[in-house]
Amino acid sequence: MSGHSTYQPQSRFLQWFEKRLPLGSLIHSSFVAYPTPRNLNYLWTFGAILTFMLAVQIVTGVVLAMHYTPNVDLAFKSVEGIMRDVNFGWLLRYLHANGASMFFLAVYIHMFRGIYYGSYKEPREVLWILGVIIYLLMMATGFMGYVLVWGQMSFWAATVITNLFSAIPGVGDAIVTWLWGGYAVGNPTLNRFYSLHYLLPFVIAGVVVLHIWALHVAGQNNPTGIEPKSEKDTVAFTPYATIKDAFFMGVFCIVFAWFVFYIPNFLGHADNYIPANPAVTPSEIVPEWYYLPFYAILRSIPDKLMGVIALFASIVVLAFIPWLDTSRVRSARYRPLFRQFFWLWVIACIGLGWLGSKQPEGIYVILSRIFTVYYFAFFLIIMPLLGIFEKTKPLPNSISDSVLGAKA
Amino acid sequence: MRIVKYTAFAFVLAGAVATAFSPAMSEEQEAPPRLKWSFAGPFGTYDQAQLQRGFKVYKEVCAVCHSISMLAFRNLAEPGGPGFTQAQAAAVAAEAKIQDLDDKGQPIERPGRLADYFPSPFPNELAAKAVHGVAPPDMSTLAKARTYQRGFPWFVFDMFTQYQEQGPDYIAALLKGYQEPPKDFQLPPNGHYNKYFPGHNIAMPPPLQDDQVTYDDGSPQTLDQYSKDVAAFLMWVAEPHLVARKRLGFQVMVFLIVLAGLLYFTKKKVWHQVEKPRELAHGQDPGKTTI
């Protein structure tokens with residue numbers, strides 16, 4: 001995808017094939033000869049890790065689907081059947097459940113990295129927006145997957161989240177009935193969630209292809225935020241990026257395996273081992289950890305409609321940051337003020353995550369409001385103003401200069 | 001700069017205040033004491049004798065009211081469990097009466113087989129409710145469905161220490177947790193005061209007393225021992241492949257650490273050429289440096 005390819009197939013069959021479909025040169029130019037900035041740090045390995053996690057989720061998910069039954073009377077039982085009677089079913093299910101968490105952990109690191117180093121700025125706006133779309137699809141997929149277990153938390157999470165749409169004035173209730181396929185969360189809801197949970201990962205895979213395509217057109221950003229100027233600034237994707245990605249993927253898998261084999265239920269909720277019961281409301285209804293910051297934003301606002309708007313706005317605002325950020329300098333490395341506001345924003349995100357797991361009362365509500373205000377202020381006020389007022393540090397002449405300069 | 005520092009200070013202060021207030025506001029649930037379990041930790045395995053004792057307590061006491069519908073008789077003889085022989089498991093099954101149909105489609109009651117699941121004490125939830133007021137929960141996943149709030153920062157440490165036994169700790173504590181209610185506590189009729197039950201008002205009367213179940217292996221016949229044994233048994237029922245999981249986990253860990261190590265050194269070798277300018281900057285001759 002990066003223009004002229006130097007790929008020369010050796011065997012006669014590949015030469016024959018290449019003339020008819022230049023798949024080899026596409027792969028060669030994208031994943032072998034593709035120039036990557038030489039100064040990428042390990043935060044840039046998360047793109048590869050995310051691709052790997054998507055593959056893990058699809059493979060384990062397809063096998064789980066062979067054993068799962070999407071029916072309100074059988075869903076919980078069939079999941080337990082997988083845990084008990086399917087060969088290595090416990091492994092498949094724990095890989096899939098913890099894989100979702102690892103997927104989100106990786107995507108959050110990937111997003112924080114993008115914001116810190118200004119990877120969303122011109123000419124990478126489309127690349128960034130495609131990423132936001134992938135993230136939205138991931139959230140929908142993860143939520144529906146959690147419902148499929150049909151435990152208490154599954155059922156009540158489905159009830160709470162679908163009920164958000166009832167806040168829409170006028171047509172809200174009609175929309176919720178339409179989403180449920182009935183007058184309460186029930187079998188039609190479970191069936192359509194199952195169907196969509198199987199469909200959306202392939203939509204994600206499609207957008208990932210576009211995301212990688214856009215990446216290979218614009219080229220990767222790097223910790224300095226300045227574009228490569230000469231061949232001295234880049235190295236070939238293979239072997240340099242591939243081996244680096246492979247190593248860090250190995251490290252990431254150690255963390256993944258720790259959760260799967262040793263603490264597989266740590267990130268889950270105990271109530272989800274109780275079969276769904278529409279007649280009993282759990283003492284607390286909390287989503288999975290990766291949605292907690294948004295749940296805190298939702299609950300920090302007393303008005304339901306405004307809360308729902310804030311919830312969706314907190315994600316949609318991400319799509320606009322290429323234009324909200326007015327600074328011409330990309331990397332936070334050369335933006336002393338932005339860097340501090342960025343870390344405060346990270347604290348606000350983690351704080352919101354913690355508050356999302358707490359009962360909305362007393363000091364927790366006040367804190368949620370402070371963090372929510374800061375979350376939005378970071379994008380809507382600080383980002384536009386910093387570009388005007390911030391005095392940035394001088395940029396190095398080139399990537400290779402910065403590599404030499406940093407260590408000299 | 002000042003604004004940033006003040007904001008950061010305000011955040012930290014707010015966080016500290018919230019942490020200080022949080023114990024007072026958390027739901028009223030006493031943390032059960034932490035017990036030692038043979039199945040805890042990366043090399044944990046079930047204690048077969050303990051599971052057999054726990055099964056005996058379950059069969060003679062719990063099973064009167066609680067179902068365990070996802071457990072099959074064959075499970076008793078499967079590896080990683082209580083270690084009954086096939087013949088022993090079949091004998092347990094034969095004692096049970098299973099509702100079935102005969103060749104002519106007429107309902108019959110027949111002795112259980114290995115493939116059967118443990119029959120429930122009540123035909124359905126309503127029937128259980130009619131007798132007890134509250135339907136006693138099915139115990140198939142109970143040890144994973146019960147827990148208690150660990151709170152910050154303990155839940156962070158749990159990630160590293162692998163503390164995963166909140167369920168059995170809670171169950172063991174609950175079985176011993178019956179007390180006289182405090183004077184100011186309004187206990188509803190048919191309620192029982194339990195120190196560890198959330199809200200303290202539990203429908204289940206104290207199920208176990210000393211010397212209630214006879215142990216054949218000389219273990220102490222005390223409430224304390226019974227509650228530990230039955231909690232361990234319920235953990236196995238909820239997670240029958242725990243031993244296989246931890247064993248495979250160790251193998252996977254060793255493999256991944258070796259793989260990551262090899263990849264690290266390969267990466268170092270591959271990048272050595274590229275990182276030469278760095279060495280030049282340090283006044284070294286890249287031709288003479290090795291990795």
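A helix here is a DSSP run of H or I at least four residues long, and helices are numbered from the N terminus. By that count, Pro239(A) is found in helix 10 of chain A. The peptide bond that leads into this proline, from Thr238(A), is cis, with omega near 10°. The model is a predicted one.

**Chain A as a whole**

Chain A holds 15 helices and two strands. Its radius of gyration is 23 Å, close to the 22 Å that the globule rule gives for 408 residues, so chain A is as compact as a globular protein of that length. The C-alpha trace spans about 65 × 60 × 40 Å along its principal axes. Of the 408 residues, 42% count as buried. Take the contacts in chain A between residues at least 6 apart in sequence: 77% of them join residues at least 24 apart.

**Chain B as a whole**

Chain B has ten helices and four strands. From the N terminus on, its elements run α-α-α-β-β-α-α-α-α-β-β-α-α-α. Buried residues make up 26% of its 291 residues. Among contacts in chain B with a separation of 6 or more, 60% come from residues 24 or more positions apart.

**Where the chains meet**

The two chains touch. In this interface, 42 residues of chain A are in contact with 46 residues of chain B. On the chain A side, the elements that give two or more residues are helix 4 (75-84), helix 10 (237-262), helix 13 (336-356), helix 14 (363-389) and helix 15 (399-407). Helix 10 of chain A gives the most, with 13 residues. This is the helix in which Pro239(A) is found. The chain A side divides into 28 nonpolar, seven polar and seven charged residues.

**Helices 6 and 7 of chain A**

Helix 6 of chain A covers residues 125-148. At 1.5 Å a residue, its 24 residues should span 34 Å; the end C-alpha atoms are 35 Å apart, which agrees. Just after helix 6, Trp150(A) takes a positive phi of about 60°.

Helix 7 of chain A covers residues 152-163. From its first C-alpha to its last, this twelve-residue helix reaches 16 Å, close to the 16 Å expected at 1.5 Å a residue. Helix 7 is mostly covered, with nine of its twelve residues buried. Among the buried ones are Met153(A), Phe155(A), Trp156(A) and Ile161(A). What covers them? The cover of the buried residues of helix 7 includes helix 6, helix 8 (172-180) and helix 9 (187-218) of chain A.

**A hairpin in chain B**

Strand 1 of chain B (residues 97-101) is hardly covered: the count of buried residues among its five residues is zero. Strand 1 pairs with strand 2 (residues 107-111) of chain B in the antiparallel sense, over five bridges. In one of these pairings, Gln99(B) has Glu109(B) in strand 2 as its bridge partner. The two strands form a hairpin with five residues between them. Gly105(B), in the turn, has a positive phi of about 80°.

**Backbone exceptions**

Most residues other than glycine have a negative phi, and most peptide bonds are trans. The table lists residues that depart from this pattern.

| Residue or bond | Feature | Value |
|---|---|---|
| Glu122(A) to Pro123(A) | cis peptide bond | omega near 10° |
| Thr238(A) to Pro239(A) | cis peptide bond | omega near 10° |
| Phe88(A) | positive phi | near 55° |
| Trp150(A) | positive phi | about 60° |
| Asn190(B) | positive phi | about 70° |

Where do they sit? Pro123(A) lies in the loop between helix 5 (89-116) and helix 6 of chain A. Phe88(A) is found in the loop between helix 4 and helix 5 of chain A. Asn190(B) lies in the loop between helix 7 (166-176) and strand 3 (192-193) of chain B.

Is Phe88(A) buried or partly exposed? A residue is buried with 20 or more other C-beta atoms within 10 Å, and exposed with 12 or fewer. Phe88(A) has 14 other C-beta atoms within 10 Å, so Phe88(A) is partly exposed. Asn190(B) has 11 C-beta neighbours inside 10 Å and therefore counts as exposed.

Terms used:
Residues are numbered from 1 along each chain as its sequence is written. Chains are lettered from A and ligands numbered from 1 in the order in which they are written. This is a predicted model: local features need pLDDT of at least 70, side-chain atom pairs count only at pLDDT 80 or more; totals for chains, interfaces and linings use all residues. The radius of gyration is taken over C-alpha atoms; the globule rule is 2.2 Å times the number of residues to the power 0.38. Two residues are in contact if their C-beta atoms, placed from the backbone, lie within 7 Å. Ala, Val, Leu, Ile, Met, Phe, Trp, Tyr, Cys and Pro count as nonpolar, Asp, Glu, Lys and Arg as charged, and the others, Gly among them, as polar. The expected span of a helix is 1.5 Å times one less than its number of residues. Two strands pair if DSSP finds at least two bridges between them.
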